[in-house]
Amino acid sequence: MNSKANKISVLGGNGFIGTNLISTLVSQNYHVTVLVRKRENAKHLWPLPLTDIVEYENTVPSISRLIAESKTVVNLVGVLQSKVGNPWGIEFENAHVKLTSNLVESSKLSDCKKIIHISALGTSKDAPSMYLRSKAEGERILQDSDLNTTILRPSVVFGPGDKFLSMFAKMHKFLPFIPLASYKSLFQPIYVGDLIRIIQFCIENPSKNHRSYDCVGPEVFSLGELVNIAGIITKKQKPVIPLPNILARIQAFMMEKIPGPTILSRDNLDSASIPNIAQNPKEIFPLSNPTDIKSVASEYLIT
């Protein structure tokens, strides 16, 4: 590896996926620059070798300067909640659209010609949710650029430290019953280790340039089934009560108004109204031996 080839920049690297990705990359002697909005939020990454954690602003001058030494940029930035807007809210605009546009321009200025972009299943300019529409616009910006881009669209990602199955496990532990919106919504969860394998393969193989892939696990579950799996594994299973759509939207509206981070919004319900699964087998990233959710979840949910 030459000095530039083994330098990777990761935007939004302090989250669940980023933490796993960066740990894997440095274990294989990549030098990683982690771009975060607040360095204090990445304290858990500070002890890692070969890692520079830097604060960035969502501007071309800031991003281009920080990725200048990297061959590849991995964009993990994504937010799940935003104020209401048309066609999407300001938080989605900044994280999914403006940042992607600034990253494209920054990559051209810095001669960093490869971007691996983590999007989401179900993106479309006509999608029912602001989240999915804004993600689709980010993809369009990348596809219209002349850079080497790879777009990965994972379903929900699970693994140690996730905020998905772990949250359901806590619900079973602390609630007498679980009122659940979008009970029948379909998901095809992918193990975080499998997603990291996919990202790393795309980093190292030019054959994946100018391609888009769905990243999914081997099984499809309804949301209700996943919540029940978390209860069965932890041996704390409580009744799961499906909420009618009208009650689900009332619940989401009320949760939007509660101070602090929003756990469930009406836009989340809109996203869940379409299946979060791979629709076309030809678009699935070909992954050997994808990880079964029950085998892995049984290791980290019961600890």
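**Exercise 1. Place the salt bridge between D146 and K108 in the chain, and classify the exposure of both residues.**

Solution.
- Start with the contact. In this predicted model, the side chains of D146 and K108 form a salt bridge, with 4.0 Å from N to O.
- Locate the partners. D146 sits in the loop between α4 (130-143) and β6 (148-154), and K108 sits in helix α3 (residues 90-110). The two are 38 residues apart, so the pair links distant parts of the chain.
- Classify D146. Its relative accessible area is 62%. Exposed means over 50%, so D146 is exposed.
- Classify K108. Its relative accessibility is 36%, which makes K108 partly exposed.

**Exercise 2. Compare the exposure and chain positions of the salt bridge partners R153 and E139.**

Solution.
- The closest N and O atoms of R153 and E139 are 2.8 Å apart.
- R153 belongs to strand β6 and E139 to helix α4. They lie 14 residues apart, and the pair links distant parts of the chain.
- Both residues are buried. Buried means under 20% relative accessible area.
- Now widen the view. E105, K108 and D146 are joined into one network by salt bridges that share partners.
- The whole structure holds 13 salt bridges. One of them pairs K43 with E40, at 3.2 Å from N to O. K43 has a relative accessible area of 46%, so it is partly exposed.

**Exercise 3. Trace the pairing of strand β2 with β1 and with β3.**

Solution.
- Begin with cover. Strand β2 (residues 31-36) has 5 of its 6 residues buried.
- Take the β1 side. Strand β1 (residues 7-11) pairs with β2 in parallel over 5 bridges. I8 faces V32 of β2.
- Follow the connection. From β1 the chain passes through helix α1 (residues 16-27) to β2, and this β-α-β crossover is right-handed.
- Take the β3 side. β2 and strand β3 (residues 51-55) run parallel, joined by 5 bridges. T33 has D52 in β3 as its bridge partner.

**Exercise 4. Test the length of helix α6 (residues 192-204) against its residue count.**

Solution.
- The helix has 13 residues. At 1.5 Å a residue, the expected span is 18 Å. The factor is one less than the number of residues.
- The end C-alpha atoms are 19 Å apart, which agrees.
- Check burial too. The buried residues of α6 include V192, D194, L195 and I196.

**Exercise 5. Describe the nonpolar surface patch that contains I246.**

Solution.
- I246, L247, I250, F253 and M254 form the patch. Together they have about 490 Å² of accessible area.
- I246 lies in helix α8 (residues 245-257). Its relative accessibility is 58%, so I246 counts as exposed.

Methods
Residues are numbered from 1 along each chain as its sequence is written. This is a predicted model: local features need pLDDT of at least 70, side-chain atom pairs count only at pLDDT 80 or more; totals for chains, interfaces and linings use all residues. Side-chain values use heavy atoms; hydrogens and water are left out. Patches are made of residues with over 30% relative accessible area and no salt bridge: like charges are joined within 9 Å, nonpolar side chains (Val, Leu, Ile, Met, Phe, Trp, Tyr) within 5 Å. Accessible areas come from the Shrake-Rupley method with a 1.4 Å probe; for residues, only the protein chains shown count as cover. Helices (H or I, at least four residues) and strands (E, at least two) are DSSP runs, numbered from the N terminus. Buried means under 20% relative accessible area, exposed over 50%, partly exposed in between (1.4 Å probe, protein chains only). Two strands pair if DSSP finds at least two bridges between them. A crossover is right-handed if, with the strands pointing away from the viewer, the path from the first strand over the helix to the second runs clockwise.
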